[in-house]
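The exercises below are meant to be worked through with the sequence and the three-dimensional structure at hand. Try each task before reading the solution that follows it.

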Amino acid sequence: MRVSDFDFHLPDNLIAQVPTPERTGSRLLVVDRSSRALAHRRFVDLPHFLCDNDLLIFNDSRVIPARLRGEKLGTGGEVEMLLTEQVEPEVWWTLLRPGKRVRPGTTIRLLSAPEVPSEMTATVLQKNEEGHVQLRFTGPQSIIEFANTHGEIPLPPYIARPAHSRDSADVTRYQTVYARQEGSVAAPTAGLHFSDEFLNQLRSKGIETRHVTLHVGLGTFAPIKVDLVADHRLHRERYSIPEATALAIRTAKANGRRVVAVGTTSLRVLEAAARLTKGSVPGGPGSTDMFLYPPAEFQVVDALLTNFHLPQSSLLMLVSAFAAPRSTDGREFILNAYREAVTQGYRFFSYGDAMFIQ
């Protein structure tokens with residue numbers, strides 16, 4: 001199976017640049033795996049497609065304002081930094097722009113505002129084969145504290161914003177209402193549709209909600225640079241499953257109740273953990289580089305809420321696999337659903353509409 005097999009045409013005007021006025025204001029494409037039927041609904045209709053005893057699993061990772069600005073000491077050259085993966089408390093792998101001429105030992109002074117130097121510095125420790133740069137941050141506060149005050153939300157490149165933008169709408173809306181654990185550099189976007197009121201509405205129906213944590217890095221969203229799907233490798237990401245969540249999942253499965261993953265990150269946590277113990281989901285920390293594509297088997301998740309994903313992306317491949325487990329038929333099924341979504345004017349990607357696969 002080739003990466004190009006997962007391509008589709010998407011007009012630029014369907015790439016959502018801003019969120020809907022209300023979190024729950026998106027559209028919802030409901031995909032029935034057994035009948036292959038599609039239903040065009042609103043996100044607020046989701047309760048009609050949930051069973052009263054469903055167990056919903058959310059990813060409570062919190063996005064940090066991971067895009068920082070600085071200037072090289074000595075030359076004054078401007079540098080843009082994107083935190084991607086924490087190695088130690090003050091050591092991070094980053095993407096630097098421009099980064100080709102940055103060498104180990106280079107010192108960068110961080111800016112607290114345009115042309116306003118701060119007391120924070122970053123020293124280049126090393127570069128890897130992919131061009132990522134490892135930095136050690138030094139100053140009167142932690143880099144996370146500095147980023148929370150002076151950093152920019154790391155919106156994906158298909159959302160256009162001016163440099164140094166700290167748009168209040170992005171600060172609020174590119175974050176789930178239940179985000180708790182700091183560490184992601186991209187939002188688990190399926191959860192952006194939920195408001196506190198909507199969550200309470202679901203719980204009042206008897207629907208159980210639990211959380212896992214997977215800190216989203218850039219690997220899940222990085223362009224695939226190989227021709228064959230099987231040759232692609234994902235970067236490893238850290239996750240944690242609370243014991244209460246693991247118990248809730250085991251209880252639900254034992255009682256024949258559905259486990260519904262809110263987002264592909266939640267699904268990857270559950271399926272990765274289950275593969276370690278042949279089906280049962282244990283609590284505790286872990287990490288995964290699991291890449292799911294057709295034909296894949298799913299041991300835990302019975303239904304999936306997700307957004308619409310980029311052409312030829314690993315997430316589109318995951319969704320295609322889930323649409324028809326243990327088969328390659330899901331690829332064309334999901335591509336047909338995407339074509340229908342394009343025809344109907346659905347909004348795509350992070351700030352876009354949702355899809356519920358059951």
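**Exercise 1.** Describe the salt bridge that glutamate 332 forms, and say whether its two residues are buried or exposed.

*Solution.* Glutamate 332 forms a salt bridge with arginine 339, and their closest N and O atoms are 3.0 Å apart; a salt bridge here is a side-chain nitrogen of Lys or Arg within 4 Å of a carboxyl oxygen of Asp or Glu. Glutamate 332 has a relative accessible area of 33% and is partly exposed, and arginine 339, at 39%, is partly exposed as well. In these terms buried means under 20% relative accessible area, exposed means over 50%, and partly exposed lies in between, with a 1.4 Å probe and protein chains only. Elsewhere, salt bridges that share partners join Arg67, Arg69, Glu80, Arg97 and Glu152 into one network.

Before going on, note that this is a predicted model, in which local features need pLDDT of at least 70 and side-chain atom pairs count only at pLDDT 80 or more, while totals for chains, interfaces and linings use all residues. Residues are numbered from 1 along each chain as its sequence is written, and side-chain values use heavy atoms, with hydrogens and water left out.

**Exercise 2.** Which parts of the chain does the salt bridge between aspartate 52 and lysine 205 tie together?

*Solution.* Begin with the contact itself, in which the closest N and O atoms of aspartate 52 and lysine 205 are 3.5 Å apart. Aspartate 52 lies in the loop between β2 (38-42) and β3 (55-59), and lysine 205 in the loop between α3 (196-204) and β12 (208-214), so the pair ties together parts that are 153 residues apart in sequence. Helices (H or I, at least four residues) and strands (E, at least two) are DSSP runs, numbered from the N terminus. Then consider accessibility: aspartate 52 is partly exposed at 45%, and lysine 205 is partly exposed at 30%.

**Exercise 3.** Which residues of α3 are buried, and why do they line one face of the helix?

*Solution.* The buried residues in α3 are Phe198, Leu199 and Leu202. Seen down the axis of α3, the buried residues fall within an arc of 100°, so they line one face of the helix; the arc is that of the directions from the helix axis to the C-beta atoms. As a general background, an α-helix has 3.6 residues a turn, so residues three or four places apart point the same way. On the other side of α3, Glu197 and Ser204 are exposed. What covers the buried residues includes β3, where contact means heavy atoms within 4.5 Å. After α3 comes glycine 206, whose phi is positive, near 100°.

**Exercise 4.** What is the order of the strands in the open sheet of 9 strands, and which are the edge strands?

*Solution.* The order is β2-β1-β17-β16-β14-β3-β12-β13-β15, with mixed pairing; two strands pair if DSSP finds at least two bridges between them. The edge strands are β2 and β15 (284-288), each of which pairs on one side only. Within the sheet, β12 and β13 pair in the antiparallel sense over 2 bridges, and leucine 214 stands opposite tyrosine 239 in β13.

**Exercise 5.** Where does glutamate 237 lie, and which side chain does it meet in a polar contact?

*Solution.* Glutamate 237 lies in strand β13 (residues 237-241), and with a relative accessible area of 5% this glutamate is buried. A polar contact of 2.7 Å joins the side chains of glutamate 237 and arginine 268; such a contact is a pair of N or O atoms within 3.5 Å, and within protein one must be able to donate a hydrogen and the other to accept it, while residues adjacent in sequence count only if both atoms are side-chain atoms.
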